[in-house]
Amino acid sequence: MVLIIYGSMENFYGLTLTQLESIIGALGKEKYRSRQLFKWIYNKNVLEFGKMTDLSKSLINMFKDMFFLSPLKTKDVFSSKDGTMKFAFVCDDGNIVESVLIPDKDRLTLCLSSQIGCRMGCRFCVTGRIGFIRNLKTSEIIGQLMGVRQHPGVDKITNIVLMGMGEPLDNFDNVMPALEIMKEPSGLDFSHRRITLSTVGLIGVLKSVMPKTAGIAISLNAADDKTRSELMPINRLYPIEEIVDFVRNYKADRRTRITFEYVLINGVNDSLEDAEKLAKLLKGLKCKINLIPYNESPFIDFKRPSEKTVERFHNHLINRYYTTIVRDSRGGDIHGACGQLGMRYLDQG
Ligand code: SAH
Ligand code: SF4
């Protein structure tokens with residue numbers, strides 16, 4: 001009699017160590033095999049089970065039958081004058097996902113997408129204009145990272161930011177396991193200090209993210225509810241006061257502070273009065289402020305303020321003793337800067 005077991009192969013990049021341990025344990029194999037696999041696949045970047053020299057032939061065959069290892073397929077790579085690279089990956093269903101690799105002094109930061117499109121509808125953001133197409137699977141989030149790593153000449157990635165397409169907390173169920181995989185010491189071994197999750201502030205979900213999961217950046221973008229609701233419809237659900245309350249009560253370790261992101265848009269939220277409103281709003285909060293001068297796109301009418309306006313806003317916050325930086329835009333010439341990802345969806349009409 002021939003026994004046929006019907007089952008589908010699992011994408012290895014979608015499994016946390018704990019999940020892998022239970023799969024391997026259920027087959028009666030040793031638990032440490034899971035760490036061994038993580039080491040080969042994530043630490044040593046090996047893509048074939050056959051090359052894992054400390055596994056027996058029979059184990060190799062078993063893993064080959066159970067798992068497949070395929071990073072997302074690269075469709076295009078664009079290189080900016082400033083060294084930034086944008087990767088366009090194609091998913092199995094034909095959707096395109098973009099990731100951006102940003103070298104900066106001793107850091108190499110990878111900006112990952114969490115969704116295709118986004119349902120938050122922020123008026124200034126190209127991804128928001130696309131609308132929601134679908135959530136990325138855990139294997140597609142890790143698949144971006146592993147896809148970038150396969151590219152020749154890419155050095156060791158030191159930092160991860162979830163600031164690409166999509167709202168990561170709107171895809172909590174797939175993003176959390178991806179963070180767990182990134183942090184696993186036997187594999188990629190990113191510390192929580194080297195991962196930043198950027199969110200519009202879905203407070204309900206944010207409360208369930210443990211402080212040591214990742215650094216949190218909240219996109220504030222305005223210091224009053226009227227302006228913020230106009231820019232970001234989600235503000236009607238989670239107004240500014242709720243965000244401030246959340247940050248006030250956030251119990252992280254001493255070195256961790258929440259970052260506020262503030263996109264400076266010409267004539268919308270960039271006046272000195274706005275800067276003062278922001279300073280008053282955040283008074284007494286343990287936080288950092290990242291100012292992002294608006295990145296323009298052909299699809300949206302908002303404009304970037306002049307350098308002088310940005311400097312004036314920045315100086316005002318510094319004079320109020322806030323740790324504030326202006327995040328210089330990288331990769332604008334390849335449409336890889338914040339808020340520019342996914343343009344090809346709009347191009348197609
Ligand atoms: N959805 C998450 C993460 C992705 S957007 C979030 O909104 O936080 C990452 C950052 O890019 C956010 O701070 C957002 O406000 C900013 N952003 C969006 N469009 C932009 C644009 N055109 N120019 C500059 N920053 C932009
Ligand atoms: Fe979505 Fe962030 Fe863009 Fe808003 S800014 S539409 S949340 S990706």
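How much area is buried between domain 1 and domain 2, and what share of it do carbon and sulfur atoms give? The structure is a predicted model, and in it the area buried between the two domains is about 1200 Å², with carbon and sulfur atoms giving 58% of that area. To see which parts of the chain are meant, it helps to begin with the domain assignment, which places residues 5-68 in domain 1 and residues 73-348 in domain 2. The C-alpha centres of these two domains lie 33 Å apart, and the contact takes 15 residues from domain 1 and 13 residues from domain 2. On the side of domain 1, the residues that lose the most area to domain 2 are Y13, Y42 and N45, and together they account for 43% of what that side buries.

From the domains we can turn to the ligands, starting with ligand 1. This ligand is surrounded by 18 residues, and the closest of them are G166, S198, S219, Y294 and N295. When the residues of this shell are sorted by character, eight are nonpolar, eight are polar and two are charged. Several individual atom pairs can be followed in the model: the side chain of N221 has an N or O atom 3.2 Å from an oxygen atom of ligand 1, while in the side chain of E261 an N or O atom is 3.4 Å from an oxygen atom of the ligand. With C338 it is the backbone that takes part, since one of its N or O atoms lies 3.3 Å from a nitrogen atom of ligand 1. Taken alone, ligand 1 exposes 530 Å², and the protein buries 96% of that area. The elements that give two or more residues to the shell are β10, which covers residues 195-199, and β12, which covers residues 258-264.

Ligand 2 has its own surroundings, made up of C118, M120, C122, C125, G128, G166 and V200. Of the residues in this shell, five are nonpolar and two are polar, and no charged residue is found among them. The residue G166 is listed around ligand 2, and G166 is also one of the closest residues to ligand 1.

A last stop is S271, which lies in the loop between β12 and α10, the latter covering residues 272-281. The side chain of S271 is joined to the side chain of D274 by a polar contact of 2.8 Å. Leaving aside residues up to four places away in sequence, S271 touches R312 and F313. By contrast, S271 and M343 are 72 residues apart in sequence, and their C-alpha atoms are 29 Å apart in space.

Technical notes
Residues numbered from 1 in each chain as written. Chains lettered and ligands numbered in written order. Predicted model: local features only at pLDDT ≥ 70, side-chain atom pairs only at ≥ 80, totals over all residues. Heavy atoms only, no water. Near = heavy atom within 4 Å. Polar contact = N/O pair within 3.5 Å; in protein donor to acceptor, adjacent residues only side chain to side chain. Areas by Shrake-Rupley, 256 points an atom, 1.4 Å probe, with all protein chains shown as cover. Helix = DSSP H or I, 4+ residues; strand = E, 2+ residues; numbered from the N terminus. Nonpolar A, V, L, I, M, F, W, Y, C, P; charged D, E, K, R; others polar. Domains from an automatic or database assignment. Contact = heavy atoms within 4.5 Å. Buried area = accessible area lost by both parts, 1.4 Å probe.
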